[in-house]
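The following exercises concern strand pairing, helix packing, aromatic pairs and residue environments. Each task is followed by a solution in steps.

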Amino acid sequence: METLLILTYATLCWLIFKIFKIPLNKWTITTVILGGVLMLGTIMAGMAYFHPASKSARTYFVTTPIVANVRGKVIEVPVKANTPLAAGDVLFKIDPTPFQGVVDDLTAQLDFASKRLADSRKLVAVAGGAKFDVEQYQREVKSLEGKLVKARFNLASCVVRAPGAGFVTHLRAQPGQMAVALPLAPVMSFVNLEATSFVAGFSQQPMQNIKVGNQAEVMYAGIPGRVFPATVEAIIPALAEGELAPGNTLISLGRRLPEGQIPVLIRMEDDMSDFFIPMGSDAVVAVYSERWHHVQIIRKILLRMESWRNFLHFH
(Lines give C-alpha, C1' and ligand atoms only; values in the text may rest on other atoms or scores of the structure.)
Protein backbone atom coordinates (compact mmCIF):
# COMPACT_ATOMS: atom_id res chain seq x y z
CA MET A 1 0.00 0.00 0.00
CA GLU A 2 2.88 2.34 0.74
CA THR A 3 4.22 1.76 -2.77
CA LEU A 4 0.85 2.59 -4.29
CA LEU A 5 0.66 5.81 -2.30
CA ILE A 6 4.15 6.86 -3.38
CA LEU A 7 3.37 6.11 -7.02
CA THR A 8 0.15 8.11 -6.75
CA TYR A 9 2.03 11.09 -5.30
CA ALA A 10 4.73 10.84 -7.95
CA THR A 11 2.10 10.75 -10.70
CA LEU A 12 0.33 13.77 -9.24
CA CYS A 13 3.58 15.75 -9.06
CA TRP A 14 4.42 14.83 -12.67
CA LEU A 15 1.01 16.08 -13.82
CA ILE A 16 1.43 19.36 -11.91
CA PHE A 17 4.86 19.94 -13.45
CA LYS A 18 3.50 19.23 -16.94
CA ILE A 19 0.30 21.24 -16.66
CA PHE A 20 1.81 24.32 -15.03
CA LYS A 21 5.15 24.00 -16.87
CA ILE A 22 7.18 24.20 -13.67
CA PRO A 23 10.91 24.09 -14.38
CA LEU A 24 13.01 21.26 -12.96
CA ASN A 25 15.78 22.53 -10.73
CA LYS A 26 17.26 21.77 -7.36
CA TRP A 27 14.69 23.93 -5.56
CA THR A 28 11.59 22.43 -7.14
CA ILE A 29 12.92 18.87 -6.86
CA THR A 30 13.89 19.43 -3.22
CA THR A 31 10.46 20.90 -2.49
CA VAL A 32 8.74 17.91 -4.08
CA ILE A 33 10.86 15.44 -2.14
CA LEU A 34 10.58 17.20 1.23
CA GLY A 35 6.88 17.87 0.70
CA GLY A 36 6.34 14.25 -0.23
CA VAL A 37 8.23 12.99 2.81
CA LEU A 38 6.29 15.25 5.18
CA MET A 39 2.90 14.70 3.59
CA LEU A 40 3.23 10.99 3.03
CA GLY A 41 4.81 10.49 6.43
CA THR A 42 1.94 12.26 8.15
CA ILE A 43 -0.68 10.43 6.16
CA MET A 44 0.93 7.03 6.67
CA ALA A 45 1.43 7.59 10.39
CA GLY A 46 -2.14 8.82 10.80
CA MET A 47 -3.60 5.94 8.83
CA ALA A 48 -1.53 3.34 10.65
CA TYR A 49 -2.57 4.72 14.03
CA PHE A 50 -6.21 5.74 13.56
CA HIS A 51 -7.23 3.41 10.71
CA PRO A 52 -4.97 0.36 11.03
CA ALA A 53 -4.80 -2.41 8.47
CA SER A 54 -3.76 -6.02 8.90
CA LYS A 55 -2.47 -8.57 6.42
CA SER A 56 -2.59 -11.27 9.11
CA ALA A 57 -6.27 -12.15 8.81
CA ARG A 58 -7.92 -15.46 8.05
CA THR A 59 -10.83 -17.71 8.93
CA TYR A 60 -9.99 -20.16 11.70
CA PHE A 61 -11.96 -23.35 12.16
CA VAL A 62 -12.08 -26.08 14.79
CA THR A 63 -11.57 -29.73 13.93
CA THR A 64 -12.77 -32.64 16.05
CA PRO A 65 -10.64 -35.81 15.98
CA ILE A 66 -13.10 -38.68 15.52
CA VAL A 67 -12.03 -41.46 17.88
CA ALA A 68 -14.00 -44.68 18.27
CA ASN A 69 -15.37 -45.50 21.72
CA VAL A 70 -14.71 -49.21 21.10
CA ARG A 71 -12.03 -51.24 19.39
CA GLY A 72 -13.04 -53.10 16.25
CA LYS A 73 -12.73 -53.52 12.51
CA VAL A 74 -14.23 -50.86 10.25
CA ILE A 75 -16.79 -52.48 7.96
CA GLU A 76 -18.37 -49.47 6.26
CA VAL A 77 -17.47 -45.82 5.54
CA PRO A 78 -20.55 -44.23 3.95
CA VAL A 79 -19.33 -40.65 4.41
CA LYS A 80 -17.85 -38.77 1.44
CA ALA A 81 -14.98 -36.33 1.79
CA ASN A 82 -15.84 -32.61 1.75
CA THR A 83 -19.59 -33.32 1.68
CA PRO A 84 -21.83 -31.31 4.06
CA LEU A 85 -23.08 -33.35 7.00
CA ALA A 86 -25.71 -32.77 9.66
CA ALA A 87 -25.48 -33.81 13.29
CA GLY A 88 -26.12 -37.54 13.58
CA ASP A 89 -25.10 -38.52 10.03
CA VAL A 90 -23.15 -41.79 9.94
CA LEU A 91 -19.39 -41.41 9.52
CA PHE A 92 -18.33 -45.06 9.70
CA LYS A 93 -19.40 -48.41 11.18
CA ILE A 94 -17.50 -50.98 13.23
CA ASP A 95 -18.21 -54.72 13.15
CA PRO A 96 -20.90 -55.14 15.87
CA THR A 97 -20.70 -58.96 16.13
CA PRO A 98 -18.68 -59.27 19.38
CA PHE A 99 -20.61 -56.45 21.05
CA GLN A 100 -23.97 -57.92 20.04
CA GLY A 101 -22.83 -61.20 21.57
CA VAL A 102 -22.07 -59.53 24.90
CA VAL A 103 -25.52 -57.84 24.89
CA ASP A 104 -27.27 -61.15 24.15
CA ASP A 105 -25.32 -62.96 26.88
CA LEU A 106 -26.05 -60.31 29.53
CA THR A 107 -29.71 -60.13 28.48
CA ALA A 108 -30.08 -63.87 29.02
CA GLN A 109 -28.31 -63.68 32.38
CA LEU A 110 -30.52 -60.80 33.46
CA ASP A 111 -33.70 -62.66 32.48
CA PHE A 112 -32.63 -65.71 34.45
CA ALA A 113 -31.59 -63.64 37.49
CA SER A 114 -34.88 -61.72 37.39
CA LYS A 115 -36.82 -65.00 37.43
CA ARG A 116 -34.82 -66.27 40.37
CA LEU A 117 -35.45 -63.00 42.20
CA ALA A 118 -39.19 -63.28 41.57
CA ASP A 119 -39.25 -66.91 42.75
CA SER A 120 -37.28 -66.03 45.87
CA ARG A 121 -39.71 -63.23 46.75
CA LYS A 122 -42.67 -65.59 46.34
CA LEU A 123 -40.94 -68.12 48.57
CA VAL A 124 -40.42 -65.51 51.28
CA ALA A 125 -44.03 -64.36 51.05
CA VAL A 126 -45.54 -67.88 51.08
CA ALA A 127 -43.20 -70.09 53.10
CA GLY A 128 -41.03 -67.58 54.93
CA GLY A 129 -37.90 -68.21 52.88
CA ALA A 130 -34.55 -66.61 53.59
CA LYS A 131 -34.43 -62.86 52.90
CA PHE A 132 -30.68 -63.20 52.30
CA ASP A 133 -31.37 -64.94 48.99
CA VAL A 134 -33.64 -62.09 47.93
CA GLU A 135 -30.98 -59.49 48.69
CA GLN A 136 -28.32 -61.52 46.87
CA TYR A 137 -30.48 -61.86 43.75
CA GLN A 138 -31.30 -58.13 43.89
CA ARG A 139 -27.58 -57.27 43.87
CA GLU A 140 -27.01 -59.68 41.01
CA VAL A 141 -29.83 -58.17 38.98
CA LYS A 142 -28.57 -54.61 39.60
CA SER A 143 -25.05 -55.64 38.60
CA LEU A 144 -26.27 -57.27 35.40
CA GLU A 145 -28.40 -54.24 34.57
CA GLY A 146 -25.35 -51.99 34.88
CA LYS A 147 -23.25 -54.30 32.71
CA LEU A 148 -26.03 -54.45 30.13
CA VAL A 149 -26.18 -50.64 29.95
CA LYS A 150 -22.45 -50.53 29.21
CA ALA A 151 -22.73 -53.36 26.69
CA ARG A 152 -25.56 -51.62 24.83
CA PHE A 153 -23.55 -48.39 24.82
CA ASN A 154 -20.61 -50.24 23.26
CA LEU A 155 -22.93 -51.80 20.69
CA ALA A 156 -24.40 -48.40 19.80
CA SER A 157 -20.85 -47.01 19.55
CA CYS A 158 -20.22 -49.30 16.60
CA VAL A 159 -22.02 -46.66 14.52
CA VAL A 160 -20.00 -43.42 14.72
CA ARG A 161 -21.97 -40.29 13.85
CA ALA A 162 -21.19 -36.65 13.04
CA PRO A 163 -21.04 -34.50 16.21
CA GLY A 164 -22.62 -31.50 14.46
CA ALA A 165 -22.86 -29.61 11.19
CA GLY A 166 -19.65 -29.89 9.20
CA PHE A 167 -17.73 -32.18 6.90
CA VAL A 168 -14.88 -34.67 6.83
CA THR A 169 -11.84 -33.68 4.80
CA HIS A 170 -8.73 -35.64 3.79
CA LEU A 171 -10.67 -38.87 4.32
CA ARG A 172 -8.37 -41.89 4.69
CA ALA A 173 -10.53 -44.35 6.63
CA GLN A 174 -11.34 -47.50 4.66
CA PRO A 175 -13.19 -50.76 5.41
CA GLY A 176 -10.87 -53.34 6.93
CA GLN A 177 -8.90 -50.87 9.03
CA MET A 178 -8.84 -51.28 12.80
CA ALA A 179 -10.43 -48.53 14.89
CA VAL A 180 -9.07 -48.20 18.43
CA ALA A 181 -10.31 -46.21 21.40
CA LEU A 182 -7.16 -44.12 21.74
CA PRO A 183 -7.12 -40.29 21.55
CA LEU A 184 -3.81 -40.39 19.67
CA ALA A 185 -5.26 -42.60 16.92
CA PRO A 186 -8.27 -40.80 15.40
CA VAL A 187 -9.98 -42.42 12.44
CA MET A 188 -10.72 -39.11 10.73
CA SER A 189 -10.93 -35.36 11.37
CA PHE A 190 -14.28 -33.56 11.38
CA VAL A 191 -14.44 -29.86 10.47
CA ASN A 192 -17.04 -28.04 12.57
CA LEU A 193 -18.90 -25.41 10.57
CA GLU A 194 -20.45 -24.01 13.74
CA ALA A 195 -17.07 -23.24 15.29
CA THR A 196 -15.42 -20.80 12.88
CA SER A 197 -13.95 -17.37 13.57
CA PHE A 198 -12.60 -14.69 11.27
CA VAL A 199 -9.62 -13.22 13.12
CA ALA A 200 -7.33 -10.35 12.15
CA GLY A 201 -4.06 -9.69 13.95
CA PHE A 202 -3.15 -6.04 14.53
CA SER A 203 0.05 -4.57 15.94
CA GLN A 204 -0.14 -3.22 19.47
CA GLN A 205 0.51 0.44 18.60
CA PRO A 206 -3.06 1.31 17.42
CA MET A 207 -4.81 -0.83 20.06
CA GLN A 208 -6.54 2.24 21.59
CA ASN A 209 -8.28 2.96 18.29
CA ILE A 210 -9.73 -0.51 17.71
CA LYS A 211 -13.14 -0.70 19.37
CA VAL A 212 -16.02 -3.14 19.24
CA GLY A 213 -18.50 -1.85 16.67
CA ASN A 214 -15.91 -0.07 14.50
CA GLN A 215 -16.51 -0.30 10.78
CA ALA A 216 -14.08 -2.47 8.86
CA GLU A 217 -13.43 -3.66 5.33
CA VAL A 218 -12.10 -6.99 4.12
CA MET A 219 -10.24 -7.84 0.96
CA TYR A 220 -9.49 -11.36 -0.26
CA ALA A 221 -6.68 -12.05 -2.72
CA GLY A 222 -8.87 -14.69 -4.34
CA ILE A 223 -11.67 -12.17 -5.02
CA PRO A 224 -9.84 -9.36 -6.83
CA GLY A 225 -11.60 -6.07 -7.40
CA ARG A 226 -13.96 -6.50 -4.43
CA VAL A 227 -13.91 -5.06 -0.91
CA PHE A 228 -16.49 -6.27 1.61
CA PRO A 229 -17.95 -4.34 4.56
CA ALA A 230 -17.46 -5.78 8.03
CA THR A 231 -17.62 -4.88 11.72
CA VAL A 232 -15.35 -5.41 14.69
CA GLU A 233 -17.22 -8.03 16.72
CA ALA A 234 -14.84 -8.58 19.64
CA ILE A 235 -11.26 -8.07 20.76
CA ILE A 236 -9.58 -11.03 22.42
CA PRO A 237 -8.01 -9.69 25.65
CA ALA A 238 -5.13 -12.18 25.80
CA LEU A 239 -2.08 -12.81 23.62
CA ALA A 240 -0.48 -16.21 23.17
CA GLU A 241 2.97 -14.69 23.77
CA GLY A 242 2.09 -14.08 27.44
CA GLU A 243 0.64 -17.50 28.19
CA LEU A 244 2.09 -19.43 31.14
CA ALA A 245 1.53 -23.17 31.33
CA PRO A 246 1.29 -24.94 34.70
CA GLY A 247 4.73 -25.94 35.95
CA ASN A 248 7.62 -25.01 38.20
CA THR A 249 9.41 -22.77 35.68
CA LEU A 250 9.79 -19.18 36.86
CA ILE A 251 9.08 -16.17 34.67
CA SER A 252 12.19 -15.13 32.77
CA LEU A 253 12.25 -11.52 31.59
CA GLY A 254 15.53 -12.07 29.82
CA ARG A 255 14.00 -14.40 27.23
CA ARG A 256 13.18 -12.47 24.08
CA LEU A 257 9.53 -12.86 23.10
CA PRO A 258 7.92 -11.62 19.88
CA GLU A 259 5.76 -8.53 20.18
CA GLY A 260 2.56 -10.42 19.48
CA GLN A 261 -0.47 -9.20 17.58
CA ILE A 262 -3.88 -8.33 19.00
CA PRO A 263 -6.49 -10.89 17.84
CA VAL A 264 -9.61 -9.07 16.64
CA LEU A 265 -12.79 -10.94 15.69
CA ILE A 266 -14.35 -9.60 12.50
CA ARG A 267 -17.96 -10.12 11.41
CA MET A 268 -18.76 -9.96 7.70
CA GLU A 269 -21.82 -7.86 6.82
CA ASP A 270 -22.47 -9.34 3.36
CA ASP A 271 -23.64 -12.82 2.49
CA MET A 272 -20.47 -14.57 1.29
CA SER A 273 -22.15 -17.82 0.26
CA ASP A 274 -21.88 -16.93 -3.45
CA PHE A 275 -18.07 -16.88 -3.24
CA PHE A 276 -15.73 -19.84 -2.90
CA ILE A 277 -13.53 -18.98 0.07
CA PRO A 278 -11.69 -22.04 1.45
CA MET A 279 -11.59 -22.11 5.23
CA GLY A 280 -8.20 -20.79 6.31
CA SER A 281 -7.86 -18.35 3.39
CA ASP A 282 -5.97 -15.21 4.31
CA ALA A 283 -7.28 -11.69 3.85
CA VAL A 284 -6.48 -8.02 4.40
CA VAL A 285 -8.60 -6.13 6.96
CA ALA A 286 -8.79 -2.39 7.59
CA VAL A 287 -10.51 -0.97 10.69
CA TYR A 288 -11.79 2.61 10.74
CA SER A 289 -11.93 4.57 13.98
CA GLU A 290 -13.90 7.76 14.58
CA ARG A 291 -10.79 9.94 14.78
CA TRP A 292 -9.03 11.44 11.76
CA HIS A 293 -12.03 10.44 9.67
CA HIS A 294 -10.82 12.59 6.78
CA VAL A 295 -7.97 10.11 6.23
CA GLN A 296 -10.37 7.18 5.89
CA ILE A 297 -10.87 7.88 2.20
CA ILE A 298 -7.17 7.40 1.51
CA ARG A 299 -7.12 4.06 3.35
CA LYS A 300 -10.20 2.96 1.40
CA ILE A 301 -8.69 4.00 -1.92
CA LEU A 302 -5.46 2.17 -1.17
CA LEU A 303 -7.36 -0.94 -0.12
CA ARG A 304 -9.29 -0.94 -3.37
CA MET A 305 -6.15 -0.34 -5.42
CA GLU A 306 -4.59 -3.31 -3.64
CA SER A 307 -7.66 -5.37 -4.46
CA TRP A 308 -7.50 -4.49 -8.15
CA ARG A 309 -3.79 -5.27 -8.16
CA ASN A 310 -4.68 -8.89 -7.36
CA PHE A 311 -5.86 -9.26 -10.97
CA LEU A 312 -2.20 -9.01 -12.00
CA HIS A 313 -0.51 -10.69 -9.06
CA PHE A 314 0.14 -14.39 -9.61
CA HIS A 315 2.66 -16.74 -8.00
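**Exercise 1. State which residue in β9 stands opposite A216, and trace the pairing onward to β10.**

Step 1. The residue opposite A216 is A230 in β9. The model is a predicted one, in which local features need pLDDT of at least 70 and side-chain atom pairs count only at pLDDT 80 or more, while totals for chains, interfaces and linings use all residues. Residues are numbered from 1 along each chain as its sequence is written, and side-chain values use heavy atoms, with hydrogens and water left out.

Step 2. Strands are DSSP runs of E with at least two residues, helices are runs of H or I with at least four, and both are numbered from the N terminus. Two strands pair if DSSP finds at least two bridges between them. Strand β8 (residues 215–220) meets this with four bridges to strand β9 (residues 228–235), in the antiparallel sense.

Step 3. Antiparallel pairing also joins β9 to strand β10 (residues 262–268), over five bridges. Here I235 stands opposite V264 in β10.

**Exercise 2. Give the strand order of the open sheet of four strands and identify its edge strands.**

Step 1. The order is β4-β3-β2-β6, and the pairing is antiparallel.

Step 2. β4 and β6 each pair on one side only, and they are the edge strands.

Step 3. Strand β2 (residues 72–76) pairs with strand β6 (residues 178–179) over two antiparallel bridges; the partner of K73 in β6 is M178.

Step 4. Two bridges also join β2 to strand β3 (residues 90–94), again antiparallel. V74 has I94 as its bridge partner in β3, and E76 stands opposite K93.

**Exercise 3. Describe how helices α2 and α5 are arranged and what their contact is made of.**

Step 1. Two packed helices are described by the angle between their axes and the distance between the axes.

Step 2. The axes of helix α2 (residues 26–50) and helix α5 (residues 296–309) come within 10 Å and cross at roughly 90°. Axes are lines fitted to C-alpha atoms, for helices over the stretch in contact, with angles from 0 to 180 degrees between N-to-C directions.

Step 3. That makes α2 roughly perpendicular to α5 (65 to 115 degrees; under 35 is roughly parallel, over 145 roughly antiparallel and the rest oblique).

Step 4. I43, M47 and A48 in α2 meet I298, R299 and L302 in α5, where contact means heavy atoms within 4.5 Å. These residues divide into five nonpolar, no polar and one charged (nonpolar: Ala, Val, Leu, Ile, Met, Phe, Trp, Tyr, Cys and Pro; charged: Asp, Glu, Lys and Arg; polar: the others, Gly among them).

**Exercise 4. Count the aromatic pairs and classify F50 with W292 and F228 with F275.**

Step 1. Rings of Phe, Tyr and Trp (its six-membered ring) pair if their centres lie within 6.5 Å; planes under 30 degrees apart count as stacked, over 60 as edge-to-face and the rest as tilted. The count by this rule comes to six aromatic pairs.

Step 2. F50 and W292 have ring centres 5.2 Å apart and planes at 25°, so the pair is stacked. The two residues are 242 apart in the chain, F50 in helix α2 and W292 in the loop between β11 (282–288) and α5.

Step 3. F50 is buried at 9% relative accessibility, whereas W292 is partly exposed at 32% (buried is under 20% relative accessible area, exposed over 50%, partly exposed in between; 1.4 Å probe, protein chains only).

Step 4. F228 and F275 are edge-to-face, with 5.3 Å centre to centre and 75° between the planes. F228 lies in strand β9 and F275 in the loop between β10 and β11, so the pair ties together parts 47 residues apart in sequence.

Step 5. F228 is buried at 0%, and F275 is partly exposed at 28%. Ring pairs link F198, Y220, F228 and F275 into a cluster.

**Exercise 5. Characterise the surroundings of T59 and of A162.**

Step 1. T59, in strand β1 (residues 53–66), is buried with a relative accessible area of 18%. Not counting residues up to four places away in sequence, T59 touches T196, S197, F198, Y220, M279, G280 and S281.

Step 2. A162 belongs to the loop between β4 (159–161) and β5 (166–168) and is buried at 6%. Leaving aside neighbours within four places in sequence, the contacts of A162 include L85, A86, G88 and F190.

Step 3. A162 and F92 are 70 residues apart in sequence and 9.5 Å apart in space, C-alpha to C-alpha.
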